[in-house]
Amino acid sequence: MDVKEASIIKMSNQIADNIGLHLPPEQAVLKVVEHIQLFWAASMKDTLIAYSKKEANQLNNIAQLASIQLDTMRMTDPA
Amino acid sequence: MVDFYDPKATQNQTFQANIKTDFGTPEVQSKQQVSLTIDGQHISVAKGTSVFRAAAMLNISIPKLCASDNLESFGSCRLCAVEIEGRRGMPAACTTPAEQDMQVKTQNSKIARLRKNIMELYISDHPLDCLTCPSNGDCELQDMAGAVGLREVRYGFEGKNHLDASKDTSNPYFTFEPNKCIVCSRCVRACEEVQGTYALTLDGRGFDSKVTTGHNNDFLSSDCVSCGACVQTCPTSALMENSIIAQGQPEHSVTTTCAYCGVGCSFEAHMKGEEVIRMVPAKDGQANHGHSCVKGRFAFGYATHKDRITTPMVRDEIDQPWRECSWEEAINFAASKLRGVQEKYGKDSIGGITSSRCTNEETYLVQKLVRAGFGNNNTDTCARVCHSPTGYGLKATLGESAGTQTFDSVMKADTIMVIGANPTDAHPVFGSLLKKRLRQGAHLIIADPRKIDLANSPHVTLDHHLPLRPGTNVAFINAMAHVIVDEGLEDKAFIAARCQTQAYQQWHSFISDQRHSPENTESITGIDAQQLRQAARLYAGVNNGAIYYGLGVTEHSQGSSMVMGIANLALLTGNIGREGVGVNPLRGQNNVQGSCDMGSFPHELPGYQHVSKDSLREKFEQHWQVKIDKEPGLRIPNMFDAAIDGSFKGLYCQGEDIAQSDPNIQHVEAALKSLECLIVQDIFLNETARFAHVFLPGSSFLEKDGTFTNAERRINRVRRVISPLAGKADWETTMALSNALGYPMNYQHPKEIMAEIAELTPTFNGVSYQKLDELGSIQWPCNALNMEGTPTMHVNDFPIGKAKFALTEYVPTQERASRKFPLLLTTGRILSQYNVGAQTRRTDNQLWHDKDQLEIHPHDAQERGINDGDNVGISSRSGNTVLMAKITERMQPGVIYTTFHHPESGANVVTTDNSDWATNCPEYKVTAVQIEKVSVPSNWQQRHKDFSQKQNSYLPKNRKGNRYVNE
Ligand code: SF4
Ligand code: SF4
Ligand code: SF4
Ligand code: FES
């Protein structure tokens, strides 16, 4: 795992924990996606999406779901 | 006998205009008015106003020595004697309150005789060396001798006198010459009332009374913090700036703004030609009201230090010697390197970083250069590493990324809660105001792992110290809110009227849960549950509760959550929207607020307008005539990651020393080494410059025009008082680089940049240099709704309509004490030094703090056999360094503390790359470490020294200064 990937994993898990710990999962995922959309650079989003497709990855559940949703959104509206 | 000389006759007009009337006693606030007659003129004044002040308001000047309008009257000199009809004798005007129908005479022959006698007594015990005295021309004693018409002194100088008392030259910036002292006690009162330090006392009685710094102390070894308030108020040359002693009286003055901390004090730069002789805090400065600290007043000498680099330099590789060159060559070299990198690695492979030390206009230009010239949003500012969570957290809850009050608002607060801030060291002038309010009886709650100095200030009672464990802020603030809800102390009317109902209900059920109770969080925070309950009641139970917070809140993995938690608490208790309350971030550096306002963050255009919002972005696209990327760019830590990864290769770094100030230095160094083009623009060859390919000399705040925005959103003017040493002001350099890159910029003066900012930023619409000149300063928002600015925010509504409670779950940081790293290291700063120390280390402030030390609790020290002054190795999972131990009970056991003002300390070698979940603000405040006694520097320190020595050898041979280490 390279430096950039390691950071991305840590950051997305952290966002998921802080936003999502006590919210219903659907709501949490939405908020995490919104946060990443608003604050992350395109290259970071790409790294996250690519990483989330790896099997047995280290993303937590909410972060994983958020990455999938982010991927769908970016395919329909590539920035 | 006395040489009288009228200073005003020889000084030029501009200087004259800056001398402000001294009304003798402070302004009094009262709804009741009284009318009186003074020398036949009628006046109506607030009840409680002194006769002296009333006379001054009528432009009648009464002689005085011991009075000053920033001090309570004392009545010791009697020079202000007047006659009041129906009263016996001649009372002192400064201690006599004006009364209804009073008839006052300030001049007649009897009064004149008395005043002359008094002056005669003073002068008989005063050296008559006026012509060679440094105060000559600026001495109140001299002026008064003239005013009362003293022509002879009948008493001889042979009797008992003080003429041979010895001087105190221990302070590097001023001298105390007791034989010039007239024992007016102004210095003593200034130290008490204005500064709040109580370092001076009046010893003895009658003839024997004298001013001292305490038993067996000189100024340097006493409690004195060298603020200079005593020097400023001294009517004679008993307390005098060394610069005046050496260089003589100034001849003109320019009003400008301190470039150190977020208080943003206004100063008059007293000049002789192109030389700054002294800095005097401006009496009408709206942030500081004539007060300052040691940094702003005295530590400006760095601006002309021999280490300043004034010629541009370039090199192809960082292991090559630097080559000095012309501006044109350096700019073209930089531009072609940047373009080369972009051609090879893509448009997004470069970016820019500004510092919060730069002006608004400079940071605005750099982000414009990045967005329009580089064609991406890779722009960031060092606010990333300090207050980015404030921006995020306050915007999410209150709708605006800024503090809600003025500094003066604290004077109306009843309970003051200070969280993770150290105002007496980091925001000294605000700290003094705060202490003043506390001496008047306001309650104080301190939530901090350390017992900060404020807690031990004279005549200040600390109600509660909540010594929380580093990293547990959110658990603490949730517990506070839980108590308030649990005990029904919330402001229901405010919540119903001003807050979003659904968000509140959701939050209410979240916070009511027992997991947030102080009893259940005690084991996490270490705060006694009963103490916390009492503190919560004290905050919620008064009319006005105000919260002040600093980097101890933001620099955590949950910095943003904590800021939102603080906002929740203020909303819950209705402490928003009037004076005396509020959420007050104390910003570290002078222009943290401004650099955030100016669109330095990669996701926001100026005025916090999100790049992804088409309507907002298009406004800028139209004005700038260029397409702007709608996706946010990289933040500083992301840039470093991308650099190591190989996708980020070029960086323009203005005024920021990332190689010293950022966490996990070894990671930063690896990132910087991998860059193909690093452009550093700074006044000194900083740590980052060791990795640079282009060095563009910067200009200090004295050399340029611009504005800074302080922690209370106050936009203050910075005025050029000397020409740029290197020939260009920083905004001109950025402009040249932009032009060389093919994106034209043609501003003639920073005021044109501000005009553009005002046009594009709704909260700045009404700001202009002309208005700043007229009003002195402006607190944004300033627009059609508030043409003169907005001192208090959110009075009637929030920018988002209603405020929004945010869910703030406590998530423990990954950085936890363990067997291997059993202690927690936290970092901070100290009064005399500033940030990475590049400026203050080049002044006499070094006398107070010439090295960073490691503060350790006796218990932890003893366990490891560490004594005061030992070299101690500190290791974390990031790295290790060595510092000198200072054993102190200020720390709680298990927590150690250091500052990061000196590069060789390597405090940031130890800090980790953990960061705030929302903004990536580094977690400087919590690092798990182990310490042990050692005898040699760490490997990093040795490597740092070797590398610096090697870099020294690459510097042009003819330089005297600019060395990284002394060889
Ligand atoms: S310099 Fe400031 S702290 Fe020191 S004695 Fe004077 S007023 Fe007090
Ligand atoms: S040192 Fe100056 S201010 Fe202090 S008592 Fe003496 S004359 Fe007054
Ligand atoms: S450092 Fe801060 S408190 Fe000190 S003079 Fe400057 S702005 Fe004022
Ligand atoms: S000025 Fe009033 S007694 Fe000194």
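So, the shell around ligand 2: by class we get 11 nonpolar, 2 polar and 1 charged residues. For the classes, Ala, Val, Leu, Ile, Met, Phe, Trp, Tyr, Cys and Pro count as nonpolar, Asp, Glu, Lys and Arg as charged, and the others, Gly among them, as polar. There are 14 residues around this ligand, and the nearest are Cys181(B), Cys184(B), Ser185(B), Cys187(B) and Cys234(B). Being near a molecule here takes a heavy atom within 4 Å of it.

Before I go on, the fine print. This is a predicted model, where local features need pLDDT of at least 70 and side-chain atom pairs count only at pLDDT 80 or more, while totals for chains, interfaces and linings use all residues. Residues are numbered from 1 along each chain as its sequence is written, chains are lettered from A and ligands numbered from 1 in the order in which they are written, and side-chain values use heavy atoms, with hydrogens and water left out.

Okay, ligand 3. The residues around it include Cys258(B), Cys261(B), Cys265(B) and Cys293(B), and also Tyr260(B), Lys295(B) and Pro428(B). Two elements of chain B, helix H9 (294-298) and helix H14 (428-439), give two or more residues each to that shell. Helices, by the way, are DSSP runs of H or I with at least four residues, numbered from the N terminus. By class, the ligand 3 shell splits into 8 nonpolar, 3 polar and 1 charged.

Now keep Tyr260(B) and Lys295(B) in mind for the domains. Chain B is assigned domain 1 (16-107), domain 2 (127-304), domain 3 (313-385 + 592-775), domain 4 (388-585) and domain 5 (823-953); such bounds come from an automatic or database domain assignment. How far apart are the C-alpha centres of domain 2 and domain 5 of chain B? They lie 36 Å apart. The contact, meaning heavy atoms within 4.5 Å, takes 15 residues from domain 2 and 13 residues from domain 5 of chain B. About 1,200 Å² is buried between these two domains, with carbon and sulfur atoms giving 69%. That's the accessible area (1.4 Å probe) that two parts lose on being put together, summed over both. And here are our two residues again: Tyr260(B), Lys295(B) and Tyr302(B) lose the most area on the domain 2 side, together 41% of what that side buries. The rule finds 0 salt bridges between domain 2 and domain 5 of chain B, a salt bridge being a side-chain nitrogen of Lys or Arg within 4 Å of a carboxyl oxygen of Asp or Glu.

Over to the chain interface. Here 28 residues of chain A are in contact with 34 residues of chain B. The two chains bury about 2,300 Å² between them, 55% of it on carbon and sulfur atoms. On the chain A side, Lys10(A), Asn18(A) and Phe39(A) supply 27% of the area buried against chain B, more than any other three residues.

How many salt bridges does the rule find across the interface of chain A and chain B? It finds 1 salt bridge. Glu631(B) pairs with Lys45(A) in a salt bridge, and their closest N and O atoms are 2.3 Å apart. Helix H1 (3-20), helix H2 (25-39) and H3 of chain A give two or more residues each to the side that touches chain B. The largest share, 10 residues, comes from H1(A). By class, that side of chain A has 13 nonpolar, 8 polar and 7 charged residues.
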